[in-house]
Amino acid sequence: YGSSYVNPYARPVSAPDELEGLRARDEAGLRLRATTQLGQHVGLRAVVDGWRQLSSGALNGLVFARTDVQIASSWVWALWTEYRSSAVQRFLVATRLTYEPVRRLTLSAQFQHRWVGARFGSARFQQDVAAILNVTVRPVDIVRLRLRVRYDFEDIWDNHRLPQALWAYLDAALTVRDRDMIRVRYDVRVFLDSRESTVARVPNPEHWLWVEYVFRY
């Protein structure tokens with residue numbers, strides 16, 4: 001799609017970069033996906049994507065690879081890596097361990113480390129880390145409880161520049177009829193960095209309460 005193509009309803013395979021708010025323009029490229037299963041316990045997925053911005057001639061690329069291993073009947077380990085080259089370079093390594101002893105209980109823990117730097121090199125790559133814990137419980141068919149805790153630390157070598165935050169929420173959903181559901185969610189966010197805006201932030205931590213009624217027809 002050329003840079004003069006403007007159709008907000010187009011849904012082509014395209015990169016997340018945009019021209020005047022639209023992904024489906026100013027891009028020509030090729031994307032390849034591959035998925036395979038090595039026996040009953042190991043799955044592999046890979047993506048190679050390359051595209052050229054037609055207006056500037058800039059070349060961009062994405063390489064992604066992931067493996068999922070069923071290490072036991074209730075345990076699944078996943079490891080993936082991603083490299084993206086566009087306006088800046090991003091390299092990500094992440095892993096997740098999932099435990100599902102019974103159908104009504106799922107626990108997972110994830111950790112990721114990301115490096116971000118200029119396209120043609122920089123004095124220091126920004127390093128970000130994140131850790132995520134998820135717990136989902138369904139004690140009975142009509143009730144679902146979900147707990148999620150996420151810790152983000154952007155630029156771990158400079159606590160005065162980018163956010164460092166701890167975010168947790170508890171979500172409870174009750175199915176009252178076949179098509180109706182009531183959800184109650186409580187969020188708390190704590191900002192831990194030393195930026196001036198964070199020091200002056202009121203309130204810190206933040207507390208949010210959501211009540212939602214879902215009706216499907």
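A residue counts as buried under 20% relative accessible area, as exposed over 50%, and as partly exposed in between. Keep that handy for these exercises on a predicted model.

**Exercise 1.** Work out which class Tyr5 falls into: buried, exposed or partly exposed.

*Solution.* Start with the value: Tyr5 has 29% relative accessibility. Now use the cut-offs of 20% and 50%. Tyr5 therefore counts as partly exposed. Tyr1, at 45%, is partly exposed too.

**Exercise 2.** Decide how the rings of Tyr1 and Tyr5 are arranged, then do the same for Phe215 and Tyr217.

*Solution.* A pair of aromatic rings is described by the distance of the centres and the angle of the planes. Rings pair if their centres lie within 6.5 Å; planes under 30 degrees apart are stacked, over 60 edge-to-face, and the rest tilted. By this rule, there are seven aromatic pairs. For Tyr1 and Tyr5, the centres are 4.6 Å apart and the planes at 45°, so this pair is tilted. For Phe215 and Tyr217, the centres are 6.0 Å apart and the planes at 25°, so that pair is stacked. As for their surroundings, Phe215 is partly exposed at 48%, while Tyr217 is exposed at 82%.

**Exercise 3.** Find out whether Glu20 and Asp26 are buried or exposed.

*Solution.* First, the backbone: Glu20 isn't a glycine, yet has a positive phi of about 55°. Asp26 isn't one either, and its positive phi is about 60°. Next, the place: Glu20 is in the segment before β1 (28-38), and so is Asp26. Last, accessibility: Glu20, at 68%, counts as exposed, but Asp26, at 5%, counts as buried.

How values were computed. Residues numbered from 1 in each chain as written. Predicted model: local features only at pLDDT ≥ 70, side-chain atom pairs only at ≥ 80, totals over all residues. Heavy atoms only, no water. Buried < 20%, exposed > 50% of the residue type's maximum accessible area, 1.4 Å probe, protein only. Helix = DSSP H or I, 4+ residues; strand = E, 2+ residues; numbered from the N terminus.
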